[in-house]
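User: I would like a close look at one part of this protein. Please keep the sentences short and stay with what the coordinates show.

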Amino acid sequence: MADLNLEAVHDEMVTLAYEAGRMILAANPASIDTGTKLNSVDIVTEVDQAVEKMVSTRLSAAFPSVAFMGEETYKPGTRLGPEPTFVVDPIDGTTNFVHSVPNACTSLGLAIDRSPVVGVIYNPWQDLLFTAIKGRGAFMTRIRGTAPRKLPLAETPRPLGGLGTALLGVEWGSGRDGPNFDLKMDVFQKLARSKETGGAMVHSLRSMGSAALNIAAVAAGQLDAFWEGGCWAWDVCAGWCILNEAGGRMVSGNPGGWDPALDGRVYLAVRAAPKGQEELVHEIWDVIGDRKMEYTI
């Protein structure tokens, strides 16, 4: 869509992210209605639904020709098309939200030709905003009204030295049995174990409870990589744009996939570095071996 102004989309998304943040902070997790989708840890709240309705209504009014894909209104089996599409997660990190853990966010992305071109992520508890427009760089604003910082935060990022010096982001996910879960648990162990027992002995593993915030941390250079299977396009679209613009790289979380689909559900994000990106990808893929995670749309 040649006449779609990405700067205008970005600015509206930032406004909506701050409005969503006000809605989220105004809610009392102890008194809101919650439900479940897949199982008891796949949680949805009335706040998720209210925020998505606000965002979709405002985006549709501002950009009526752009399609919309949101977590709370998604219809199973729907694939992301080539047409310009807003890809939205009203609260990424709902489990953190309902437990009053201040590590959740609103994730607002725009995809064109199934590729992320605008991304906005906002954590209202920390007043932490990440933004990017394709071809124009990625930025982080710590407090609203202060000057944004260009990502990655390090002016000269360190080379990636391999798994033995890496800090990795991982998540448990909502699927807690079956081959995908078994594979995750085995990979977690192999990443963490000492080299003397056949492991990679990474510096540590981190679970933020939000795919969007994990990817943003990789873009900022705070995590070296983030490996995940089971999340959705709305979890990664905004973060993917921010990662790309910060010089990072997104590949498949399954070995061999250098060009994953935005809705492919299995991802590996690696931070910007003057060298070592591909080597770290291969090291992580080697830990996985000939296995792969499989998820349906």
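In which helix is His-10 found? Start there, then follow its surroundings into the rest of the fold.

Analyst: A caution first: this is a predicted model.

His-10 is found in helix H1, which covers residues 6-26. The relative accessibility of His-10 is 13%. Buried means under 20%, so His-10 counts as buried. The side chain of His-10 has a polar contact with a close partner in sequence: the side chain of Asp-11, at 2.9 Å. Setting aside residues up to four places away in sequence, His-10 touches Val-118, Val-120, Thr-131, Ala-132 and Ile-133.

Thr-131 leads on to the sheet. Strand E7 spans residues 128-133, and Thr-131 has Phe-139 in E8 as its bridge partner. E7 and strand E8 (residues 138-141) run antiparallel and are joined by 4 bridges. The two strands form a hairpin, with 4 residues between them. In that turn, Gly-135 has a positive phi of about 85°.

Phe-139 carries the path one strand further. Its bridge partner in E9 is Lys-150. E8 and E9 also run antiparallel, joined by 2 bridges.

Now the whole sheet. It is open and has 7 strands, in the order E3-E4-E5-E6-E7-E8-E9. The pairing is mixed. Strands of a sheet pair through backbone hydrogen bonds, either parallel or antiparallel. E3 and strand E9 (149-150) stand at the edges. Each has a single partner strand, so one side of each is left without a neighbour in the sheet.

At the E3 edge, the pairing is parallel: E3 and strand E4 (residues 85-92) share 4 bridges. Gly-70 stands opposite Val-88 in E4.

Strand E3 (residues 67-70) also helps to line a pocket. It gives 4 residues to the lining of the second largest pocket, the largest share. That pocket holds about 150 Å³ of space. Its lining has 13 residues; Phe-68, Met-69, Thr-78, Arg-79 and Thr-85 lie nearest the centre. By type, the lining divides into 5 nonpolar, 5 polar and 3 charged residues.

Next, the enclosed space. The model has 1 cavity of 30 Å³ or more. The largest cavity holds about 40 Å³. Its lining is made up of Met-69, Tyr-74, Thr-78, Trp-232, Ala-233, Trp-234, Asp-263 and Ile-297. Of these residues, 6 are nonpolar, 1 is polar and 1 is charged. Met-69 and Thr-78 line this cavity, and both are also listed among the residues nearest the centre of the second largest pocket.

One more buried site is worth a look. Ser-252 lies in strand E13 (residues 249-252). At 10% relative accessibility, Ser-252 counts as buried. The side chain of Ser-252 reaches the backbone nitrogen of Asn-254 at 3.0 Å. Leaving out neighbours within four places in sequence, Ser-252 is in contact with Gly-257, Pro-260, Val-266, Tyr-267, Leu-268 and Trp-285.

Back to the starting point. His-10 is a buried residue in helix H1. One of the residues it touches is Thr-131, and the bridge partner of Thr-131 in E8 is Phe-139.

Notes. Residues numbered from 1 in each chain as written. Predicted model: local features only at pLDDT ≥ 70, side-chain atom pairs only at ≥ 80, totals over all residues. Heavy atoms only, no water. Buried < 20%, exposed > 50% of the residue type's maximum accessible area, 1.4 Å probe, protein only. Polar contact = N/O pair within 3.5 Å; in protein donor to acceptor, adjacent residues only side chain to side chain. Contact = heavy atoms within 4.5 Å. 1 Å grid on protein atoms, 1.4 Å probe; cavity = no way out; pocket = protein on both sides within 12 Å on 5 of 7 lines; lining within 4 Å. Points joined across faces, edges and corners; volume = space filled by probe spheres on them. Nonpolar A, V, L, I, M, F, W, Y, C, P; charged D, E, K, R; others polar. Pairing = 2+ DSSP bridges.
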